[in-house]
Amino acid sequence: MDKLLVHGGTSLSGSINISGSKNASLPILAAALLTDQQVVIERVPDVSDTNYMLQILSALGCEVERYSGTVKITAAEIRPEAPYEIVRKMRASICVMGPLVARLGRASVSIPGGCVIGDRPIDLHLKGLQAIGANIDTEGGNILIEAKEGLKGQEVDLSGKHGPTVLGTDNLLMAAVLTEGITVIESAACEPEVVDLANFLISMGAKIEGAGTRRITIQGVTSLGGTHHTVIPDRIEAGTFMVAGAIASRSGITLNRIRQDQLTGATEKLTEAGHLVKFNRTGDSVTVTQGDSPSGCSITTAPHPGFPTDMQAQFTAMFATTPGISVIEDTIFPQRFMHCAELTRMGADISVDNGTAVVHGINQLSAAPVMASDLRASAALVLAGLKAKGTTEINRLYHIDRGYEMIDEKLLQLGAKVERTRGSV
Ligand code: EPU
């Protein structure tokens, strides 16, 4: 299993390009199931999660071609059963459910297992599909969805205990585009990734209004066609490198191929903490420089346009060495604090209780062997290692490879001293 050695203490400089968004790519790839014509999708990041999705699509019968960021998919003849061996590897596999039931009238998808960032129920996904006429059953660990009489547009409220659901909104949106009548999704997620999926579907011929707001209206059509689409930049990868700039760049690092309007949460908090964030005039490039006298602050995660839960761990790592007290509350995944135990092994002063971490900033962390527990927690450990004294050894690197394209190469490009090695753990 690969591990990453991060030799701390180097000041970062230079520039990198941000990859296409993993979380936009996954549902967009699944949406290729909605047409028998070819779709071409550009800037799909080469990370394990997109590879899993392509494996699922192949297993469902799609023809898949992939070369340097471009994916071509033709779903001419497909099967409704998503195989457990691949589905179990990635929770986002659940988003083949909507397209399969819309196109074939039935789907069988394994129930996703537990997840280290907390309970991740799928009740809202099922509620959405049931509301438009699907029958749902479970058998042998699979969800069986059937729409023998066809699907019928309805008004559906998808609000949950922790707010809206991103992939749940995607699933219903993908089912509704081929559903007779009008479907209205109330309390829809309005993350940029949902908007990108909607734009992809519209380019295939779907009729959708309101994506990016809490109310999405879909007028069903009888079929969708092929299209060519470029995935939006990965705002979480961008935000992660923005934190790297704030932690470890005295001269500034520049991130290209970003979108300023999608980075407001990270920008506001980095600025509030005393760092310098400067966008170019066109809003597609940003330079982040460590501030002279940074100070801690409070963060509460919230659905878009609030501060993203996917950036919580990275900011917690930054606050570990930021003077003052920082309070970080995750309202979306209150159990998503596994990185704190590892940061504490590096000397951080963090206490976690009831979905909130209180961080007392210390001068410097000291390197230690640490264990990545999930994607964003691993990114947090890499960030912590950049400024720690000594060499931080990050084990279970496969977590980071799920969602960060060539992270070690990008860090090297910025002057960080990192090495990927084959480990025995
Ligand atoms: N929820 C329910 N019932 C459901 C679905 C969700 O109660 O049926 C709850 C969840 O437990 C959570 C909240 O609703 O408390 C929001 O979860 P959501 O459904 O929005 O999460 P998701 O769609 O499964 C996506 C991202 C996650 C990101 C969340 C929140 C993808 C592939 N995944 O997951 O990304 O944290 O939205 O923004 O888009 C990551 O990239 O590291 C990652 C975990």
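1. The largest cavity of this predicted model has a volume of about 70 Å³. The total stands at two cavities of 30 Å³ or more. Thirteen residues, given as 13 in the count, line the largest cavity, and Arg 235, Gln 262, Leu 263, Ala 266 and Pro 308 lie nearest its centre. Two elements, α8 (235-248) and α9 (264-272), each give two or more residues to this lining. In terms of class, the lining of the largest cavity comprises six nonpolar, six polar and one charged residues.

2. The second largest cavity holds about 40 Å³ of space. Its lining is made up of Thr 240, Phe 241, Ala 244, Ala 379, Val 382, Leu 383, Ile 407 and Leu 411. The elements that contribute two or more residues here are α8, α12 (375-387) and α14 (407-413). Seven residues of the lining of the second largest cavity are nonpolar and one is polar, with no charged residues. Helix α8 thus appears in the lining of the largest cavity and also in that of the second largest cavity.

3. The division of the chain deserves attention before the pockets are considered. Domain 1 (2-18 + 234-422) and domain 2 (22-230) are the two parts into which the protein chain is divided. Taken over C-alpha atoms, the centres of domain 1 and domain 2 are separated by 30 Å. At the contact between them, domain 1 contributes 25 residues and domain 2 contributes 23 residues.

4. Where does the second largest pocket lie with respect to domain 1 and domain 2? Both domains give residues to the lining of this pocket, so it lies between them. Its volume is about 200 Å³. The lining has 15 residues, and those closest to the centre of the pocket are Ser 19, Gly 20, Arg 43, Arg 257 and Glu 405. Strand β2 (14-17) and helix α14 each supply at least two residues of the lining. By class, the lining of the second largest pocket divides into five nonpolar, six polar and four charged residues. Helix α14 therefore merits inspection from two sides, because it gives two or more residues to the second largest cavity and at least two to this pocket.5. One open sheet has four strands in the order β17-β18-β20-β19, with mixed pairing. The strands β17 (298-300) and β19 (349-353) stand at its edges with a single partner strand each, so one side of each has no neighbour in the sheet. From one strand to the next, the twist averages 10 degrees. Strand β17 and strand β18 (residues 325-329) run parallel and are joined by three bridges. Within this pair, Ile 299 stands opposite Ile 328 of β18. Helix α10 (residues 312-319) packs on the sheet and touches β17, β18, β19 and β20 (356-360). The direction of α10 makes about 165 degrees with that of β18.

6. A second open sheet also has four strands and mixed pairing, in the order β4-β5-β3-β13. Here the edge strands are β4 (63-67) and β13 (227-230), each of which pairs on one side only. The twist in this sheet averages 15 degrees from one strand to the next. Which sense of pairing, parallel or antiparallel, joins strand β3 to strand β5? Strand β3 (residues 38-42) and strand β5 (residues 70-74) are antiparallel, with four bridges between them. Ile 41 stands opposite Val 71 in β5. Helix α2 (residues 48-59) packs on this sheet, where it touches β4 and β5, and its direction makes about 150 degrees with that of β4.

7. Two features of the backbone should be checked in the model. A cis peptide bond, with omega of about 10 degrees, joins His 304 and Pro 305. Pro 305 is placed in the loop between β17 and α10. The other feature concerns Ser 68, which is not a glycine but has a positive phi of about 25 degrees. Ser 68 is in the loop between β4 and β5.

How values were computed
Residues numbered from 1 in each chain as written. Predicted model: local features only at pLDDT ≥ 70, side-chain atom pairs only at ≥ 80, totals over all residues. Heavy atoms only, no water. 1 Å grid on protein atoms, 1.4 Å probe; cavity = no way out; pocket = protein on both sides within 12 Å on 5 of 7 lines; lining within 4 Å. Points joined across faces, edges and corners; volume = space filled by probe spheres on them. Nonpolar A, V, L, I, M, F, W, Y, C, P; charged D, E, K, R; others polar. Pairing = 2+ DSSP bridges. Axes fitted to C-alpha atoms, helices over the stretch in contact; angles between N-to-C directions. Contact = heavy atoms within 4.5 Å. Domains from an automatic or database assignment.
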